[in-house]
Amino acid sequence: MIVEWGLDRLPAVLRELGVTEPGLVTSERFAALDVPVFRRFTGVRSHAPVDTVAAALEALAGVDGVVAVGGGSAIDTAKAVSAQTGLPVVSVPTTYAGAEWTPFFGVRDEERRVKGGGRGARIEGVVYEVSLTLGLPRSETGGTAMNALAHCAEALYAPGRNDAGDRHALSGAQLIASALPRVLETGDDVGERTRLLKGAMHAGAALGSAGLALAHALAQALGGRFGVSHGAANALCLAPALRFNAPLIGIELESFGEALGDPRPIDRVEELARLAGFERLRDLGIPRDELPLVAEEAAGRAGAQANPRHASPQEILELYESVY
């Protein structure tokens with residue numbers, strides 16, 4: 001993976017990859033961004049709906065690479081295009097979601113109200129530009145940062161855990177836990193935004209190295225059925241998933257707590273979620289009577305299957321209820 005800092009490095013990254021006629025995948029927010037692209041698709045929508053991916057494929061016909069500018073939805077849309085075309089993807093993340101570090105991606109079937117996934121995207125480069133995170137709304141800042149923190153936590157006990165992933169996870173957790181409160185307080189402090197983005201970079205590297213577990217399965221099922229943001233869902237699902245896993249991950253939780261600067265890491269996760277504006281699932285407009293269906297969906301997801309402690313649909317329902 002080529003990793004650079006500064007949007008002015010994008011042309012060099014594209015040249016190194018041999019991309020001469022790249023296509024842009026982004027939302028209206030960055031439609032006019034000055035980047036060297038051959039074609040533009042600016043219709044990105046939340047959760048990368050399948051019809052949006054089809055529209056992007058049509059709009060980018062003839063390109064030899066894809067530049068994704070935006071958060072997880074933009075990058076997932078670009079990765080879905082890459083998986084179908086074999087084109088390389090260079091991501092320019094504008095949130096802390098971490099999607100730039102994994103060849104897996106999520107797409108939503110809006111008619112069926114489920115979120116599926118795919119693999120096989122050619123992720124070749126990342127260019128971080130902190131100025132593109134300035135002005136990011138508080139809810140997106142807090143939600144995607146909490147998603148990044150979930151990447152750090154789960155990388156410590158996911159099946160693919162390894163020493164390099166642990167280092168990234170602990171570095172990322174330390175930066176996120178210290179920078180996020182300051183970013184939420186000050187808004188557009190470039191120094192703190194930079195620290196938070198570096199934390200998300202480490203979190204993404206940990207994700208790419210080790211994989212996901214139960215917290216993400218819970219969040220993905222909620223996003224698929226109700227369309228709630230992945231960050232908000234992770235902010236609320238991380239603590240109950242950690243609490244459920246605690247009997248089997250004592251050493252990992254201790255290390256995570258040291259990185260957070262708190263011997264009660266689960267409590268600290270809840271504090272950070274509240275600080276970011278996330279307290280209960282009901283606040284997201286999720287109907288309680290549909291939680292049993294979502295629990296069934298979550299139990300079958302890859303993250304739940306990879307979790308160190310098996311979680312039945314009934315146990316997952318109880319986790320949802322605990323934060324409802």
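**View A. A lysine charge over a tryptophan ring.** In this predicted model, the charged end of Lys198 is placed over the ring of Trp5, at 5.9 Å from the centre of that ring. Lys198 belongs to helix 6, which spans residues 190-210, and Trp5 belongs to strand 1, which covers residues 2-5.

**View B. The open sheet and its edges.** Six strands form an open sheet in the order 1-8-5-4-2-3, and their pairing is parallel. Strand 1 (2-5) and strand 3 (39-41) have a single partner strand each and stand at the edges, so one side of each has no neighbour in the sheet. From one strand to the next, the twist averages 20°. Helix 6 packs on this sheet, where it touches strand 1 and strand 8, and its direction makes about 175° with that of strand 1.

**View C. Strands 5 and 8 side by side.** Strand 5 (residues 88-93) runs parallel to strand 8 (residues 122-128), and the two are joined by 4 bridges. One of the residues taking part is Pro88, whose bridge partner in strand 8 is Arg122.

**View D. An arginine charge over a phenylalanine ring.** The ring of Phe244 has the charged end of Arg309 sitting over it, 4.0 Å from the ring centre. As for aromatic pairs, a search of the whole structure finds 1.

**View E. The second largest pocket.** This pocket holds about 160 Å³ of space. It is lined by 13 residues, of which Leu236, Glu270, Arg274, Glu279 and Val323 are the closest to its centre. Helix 8 (230-245) and helix 10 (265-275) each contribute at least two residues to the lining.

Methods. Residues are numbered from 1 along each chain as its sequence is written. This is a predicted model: local features need pLDDT of at least 70, side-chain atom pairs count only at pLDDT 80 or more; totals for chains, interfaces and linings use all residues. Side-chain values use heavy atoms; hydrogens and water are left out. Two strands pair if DSSP finds at least two bridges between them. Axes are lines fitted to C-alpha atoms, for helices over the stretch in contact, and angles run from 0 to 180 degrees between N-to-C directions. Contact means heavy atoms within 4.5 Å. Rings of Phe, Tyr and Trp (its six-membered ring) pair if their centres lie within 6.5 Å; planes under 30 degrees apart count as stacked, over 60 as edge-to-face and the rest as tilted. A charge sits over a ring if NZ of Lys or CZ of Arg is within 6 Å of the ring centre and within 35 degrees of the ring normal. On a 1 Å grid over the protein atoms alone, a cavity is a set of points where a 1.4 Å probe fits but cannot get out, and a pocket is an open set with protein on both sides within 12 Å along at least five of seven lines; lining residues have an atom within 4 Å of a point. Grid points are joined across faces, edges and corners, and a volume is the space filled by probe spheres set on the points.
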